[in-house]
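Visitor: I'm new to this structure and would like a close look at just one part of it. Could you choose a spot and walk me around it slowly, along with whatever surrounds it?

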Amino acid sequence: MKKHFLILFLSSFVAFAKPIKNTLPKRSIVDSSVTQIIDSFTQRFAPDKRTAIFQIDAFRKENQLVLTGKTNLIEAKNALINRLKIGNTIVVDEIKTLPEAELEDKIYGLVEVSVCNIRYSPRHSGELASQALMGTPVKILEREDNGWLLIQTPDNYIAWVDRGAITTIKKEQLKQWQNSPKLIYTRSYGSAYSEANINSETISDLVAGCIIELKAEKDGFYEVLFPDNRKGFIAKNEANLYNKWLSGINATEENLDKTSKRLMGVPYLWGGTSFKGVDCSGFTKTVYFLNGIMLPRDASQQVMVGETVDKTGNWSNLKTGDLLFFGEKREDGSERVVHVAMWLGNGEFIHASDKVSINSMNSSAPNYDAYNFKRYLRAKRILKTGMEGIGKLKADKVY
């Protein structure tokens with residue numbers, strides 16, 4: 001009986017209660033011309049979402065056009081606002097500009113672990129997008145409440161990283177670090193120790209390409225300082241002075257061949273760009289990096305740089321170090337690139353598939369790769385001066 005009375009009372013209350021007025025200003029959908037302008041700016045300034053952020057939305061509030069979203073392209077944002085000031089339209093800028101203000105002046109960082117996993121979403125279960133090695137300087141764009149950082153790497157790739165892998169610093173600290181003496185770890189795998197003794201406690205693991213600040217030399221070891229101020233010792237025969245290494249490297253056909261074969265057998269890892277695991281473009285990127293050249297991250301980006309040297313499978317046109325691209329041709333004539341390998345010569349190429357291995361384009365060879373032979377698209381030469389989209393460690397002074 002009490003239950004029925006309560007239901008009747010609540011029903012009467014709902015029936016006679018006054019509706020609450022919505023005091024918020026009404027939003028209205030923008031017309032298609034505004035959407036088209038925003039889309040055109042997105043295509044012009046941020047055609048690749050992996051390397052630029054231009055996520056802009058718009059709605060109308062009374063006689064105002066309100067812009068929301070976020071971007072790291074300040075000049076593009078300002079140009080869009082000016083473009084949308086048509087007639088008497090009042091444009092209200094509510095776009096979040098990156099790096100976000102909450103970061104204050106700590107908008108730079110250094111990777112402090114041997115291999116930093118970079119993910120498409122700010123969580124450990126997020127898909128692996130790429131990796132960055134110890135000592136890699138990054139730009140910090142945004143920080144989530146859980147501490148994850150949205151970063152941009154020297155090859156402009158944008159994705160998320162666990163805060164525990166990055167030491168955040170100010171611009172002047174970055175310059176100070178760039179001007180400090182450094183080492184590059186040259187052995188495939190190894191460790192830094194707490195003392196100048198390989199039997200002492202391990203401070204960190206290391207892989208080829210890690211870059212660490214040099215403090216002193218002692219008893220056949222380099223004393224180093226990590227970005228998070230840990231101190232350690234690295235055996236001198238496992239590393240090289242960075243500037244000495246940089247002045248001596250030369251991306252010749254012979255050196256690319258030797259470097260690529262150092263990774264033989266390394267397991268395939270989607271998103272991997274290190275000796276701990278590589279995907280196809282992570283493999284070619286690692287090989288070229290250890291020879292002083294910074295390629296774009298993904299195969300679909302790498303195919304956009306360099307000089308096309310073959311489209312028909314005329315292998316006599318190729319040189320060791322040329323990149324082979326595989327995928328499918330669409331009906332409209334465009335290509336969908338899904339795999340990349342490096343040419344070795346004599347009909348053979350090296351690539352990361354199940355693991356890093358060597359295959360052949362020769363159908364009579366025991367390592368013939370019929371699958372990739374059928375989906376071959378083109379080959380491009382990277383070893384040519386003055387090519388756009390290719391970073392050079394000597395010239396760009398990233399480290």
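Guide: Sure, and one bit of vocabulary first. When residues are sorted by class here, Ala, Val, Leu, Ile, Met, Phe, Trp, Tyr, Cys and Pro count as nonpolar, while Asp, Glu, Lys and Arg count as charged. Everything else goes down as polar, and that includes Gly. Also keep in mind that you're looking at a predicted model.

With that in hand, let's try the second largest cavity, whose volume is about 30 Å³. Its lining is made of Gly135, Trp177, Ile211, Ile212, Glu213, Leu225, Phe226 and Pro227. Sort those by class and you get 6 nonpolar residues, 1 polar and 1 charged. The biggest contributor is strand 16 (residues 211-218), which supplies 3 residues.

That's a warm-up, though. The structure holds 2 cavities of 30 Å³ or more, and the one I'd like to settle on is the largest, at about 290 Å³. It has 19 lining residues, and those closest to its centre are Gln131, Ala132, Lys285, Phe289 and Tyr399. Using the classes from before, the lining splits into 10 nonpolar, 7 polar and 2 charged residues.

Which elements supply at least two residues of that lining? They are strand 8, strand 20 (273-274) and helix 7 (280-289). Strand 8 gives the most, with 4 residues. So let's follow strand 8 first, and come back for helix 7 afterwards.

Strand 8 belongs to an open sheet of 7 strands, which run in the order 8-7-11-10-9-6-12 with antiparallel pairing. Strand 8 (128-133) is at one edge and strand 12 (166-169) at the other; each has a single partner strand, so one side of each has no neighbour in the sheet. Neighbouring strands aren't lined up perfectly either: on average they are turned by 45° against each other, if you ignore direction. There's also a helix packed on this sheet, namely helix 4 (residues 171-178), which touches strand 6 (108-111), strand 9 (137-143) and strand 12. The direction of helix 4 makes about 40° with that of strand 6.

Away from its edges, the sheet has a pair you can easily pick out: strand 10 (residues 149-152) and strand 11 (residues 158-161) run antiparallel and are joined by 4 bridges. To find one of the partners, look at Gln152, whose bridge partner in strand 11 is Ile158.

Back to the cavity, and this time out through helix 7. This helix is mostly covered, with 10 of its 10 residues buried. Among them are Lys285 and Phe289, which you met as two of the residues closest to the centre of the largest cavity. Cys280, Ser281 and Gly282 are buried in this helix as well.

Helix 7 also does some covering: it is among the elements that cover the buried residues of helix 6 (residues 253-262). Which residues of helix 6 are those? Leu256, Asp257, Thr259 and Ser260. The cover over them also includes strand 25 (335-345), strand 26 (348-352) and strand 27 (356-360).

Those three strands make a nice last stop. Strand 25 and strand 26 pair in the antiparallel sense over 3 bridges, and they form a hairpin with 2 residues between the strands, where Asn346 takes a positive phi near 55°. Strand 26 then makes another hairpin with strand 27, this one with 3 residues between them. Here 5 bridges join the antiparallel strands.

Ile350 is a handy marker for seeing how the three fit together. Met342 stands opposite Ile350 in strand 26, and Ile350 in turn stands opposite Ile358 in strand 27. As for strand 26 itself, 4 of its 5 residues are buried, so the rest of the structure largely encloses it.

If you want to find your way back to where we started, look for strand 8 again: it provides 4 residues to the lining of the largest cavity.

Technical notes:
Residues are numbered from 1 along each chain as its sequence is written. This is a predicted model: local features need pLDDT of at least 70, side-chain atom pairs count only at pLDDT 80 or more; totals for chains, interfaces and linings use all residues. Side-chain values use heavy atoms; hydrogens and water are left out. Two strands pair if DSSP finds at least two bridges between them. Axes are lines fitted to C-alpha atoms, for helices over the stretch in contact, and angles run from 0 to 180 degrees between N-to-C directions. Contact means heavy atoms within 4.5 Å. On a 1 Å grid over the protein atoms alone, a cavity is a set of points where a 1.4 Å probe fits but cannot get out, and a pocket is an open set with protein on both sides within 12 Å along at least five of seven lines; lining residues have an atom within 4 Å of a point. Grid points are joined across faces, edges and corners, and a volume is the space filled by probe spheres set on the points. Buried means under 20% relative accessible area, exposed over 50%, partly exposed in between (1.4 Å probe, protein chains only).
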